[in-house]
Amino acid sequence: MKRWLPSPLLSAFLLLLWLMLNQSIEPAHLLLGAVLAIAVPLLVAPLRPTPVRISRPLTIVRLTVYALIEVLRSCFNVCTLIVFGRGRLNSQFIRIPLDLRDPHGLAVLACIINSTPGTVWVEIIPGSHDLALHVFDLHDAEWWVNMIKTRLEKPLIDIFEQEKP
């Protein structure tokens, strides 16, 4: 079964998405959606660097809620700065040492950071495992380091980097 459905959840999601986009459950749409749901995961399987192993679903929920709150908070702060800032911005780059090594965890961290208004993930600095982060209006670099290390990186380590058997 794993040979034809390498990612059953992805296949189910693709079939559901296909049916929702077409707003129909006619047999032709079911058949075409099923073909796509089987073919797409088979075609993209070689592109995945490593299999994803996810644990701790409550940590995923907690991280998602925190990330959404942070995005909304930052959105409000950036809007306030743009409308009422009067040129008092302190835009800077900071370095954040990362302990997270899993490529999937790093991708999720990059998505969260880049989705947060006022911050941009620039790069992992070559020769180290430090994140170069651009902050739109920096007042306390230590707050950013602590926030990313404790609120984002630690849950991602718990989710993606479990002990190998």
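Which helix gives the most residues to the nonpolar patch? In this predicted model, the answer is H2, which gives 7 residues to that patch.

**The nonpolar patch**

The patch lies on the surface and covers about 1,100 Å². Among the residues that make it are Leu-10, Phe-13, Leu-17 and Leu-21, and the list also includes Leu-31, Leu-32, Val-35, Leu-36 and Val-40. Two elements each give two or more residues to the patch, namely helix H1, which runs over residues 8–22, and helix H2, which runs over residues 27–44. One of the patch residues that can be looked at by itself is Leu-31, which is placed in helix H2. Leu-31 counts as exposed because its relative accessibility is 58%, and the cut-off for that word is a value over 50%.

Helix H1 can also be described by its length, for it has 15 residues and reaches 21 Å from its first C-alpha to its last, which is close to the 21 Å expected at 1.5 Å a residue. The residue that follows H1 is Gln-23, and its phi is positive, near 50°.

**Two cysteines without a disulfide**

A disulfide is a covalent bond between the sulfur atoms of two cysteines. The structure holds 0 disulfides. Cys-75 is in no disulfide, and the nearest cysteine sulfur to its own, that of Cys-79, is 4.3 Å away. Why is the sulfur of Cys-79 not bonded to the closest cysteine sulfur, in Cys-75? The reason is that the 4.3 Å between the two sulfurs is too far for a bond, since a disulfide is counted when the sulfur atoms are within 2.5 Å. As for their cover, Cys-75 counts as partly exposed at 35% relative accessibility, and Cys-79 is partly exposed as well, with a relative accessible area of 43%.

**A buried valine in helix H5**

Val-145 is found in helix H5, which comprises residues 141–160. Val-145 counts as buried because its relative accessible area is 16%, and buried means a value under 20%. When its neighbours within four places in sequence are left aside, Val-145 is in contact with Arg-95 and Ile-96. Between the C-alpha atoms of Val-145 and Ala-39, which stand 106 residues apart along the chain, the separation is 42 Å.

The table sets side by side the accessibility of the four residues discussed above.

| Residue | Relative accessible area | Class |
|---|---|---|
| Leu-31 | 58% | exposed |
| Cys-75 | 35% | partly exposed |
| Cys-79 | 43% | partly exposed |
| Val-145 | 16% | buried |

How values were computed. Residues are numbered from 1 along each chain as its sequence is written. This is a predicted model: local features need pLDDT of at least 70, side-chain atom pairs count only at pLDDT 80 or more; totals for chains, interfaces and linings use all residues. Side-chain values use heavy atoms; hydrogens and water are left out. Patches are made of residues with over 30% relative accessible area and no salt bridge: like charges are joined within 9 Å, nonpolar side chains (Val, Leu, Ile, Met, Phe, Trp, Tyr) within 5 Å. Accessible areas come from the Shrake-Rupley method with a 1.4 Å probe; for residues, only the protein chains shown count as cover. A salt bridge is a side-chain nitrogen of Lys or Arg within 4 Å of a carboxyl oxygen of Asp or Glu. Helices (H or I, at least four residues) and strands (E, at least two) are DSSP runs, numbered from the N terminus. Buried means under 20% relative accessible area, exposed over 50%, partly exposed in between (1.4 Å probe, protein chains only). The expected span of a helix is 1.5 Å times one less than its number of residues. Contact means heavy atoms within 4.5 Å.
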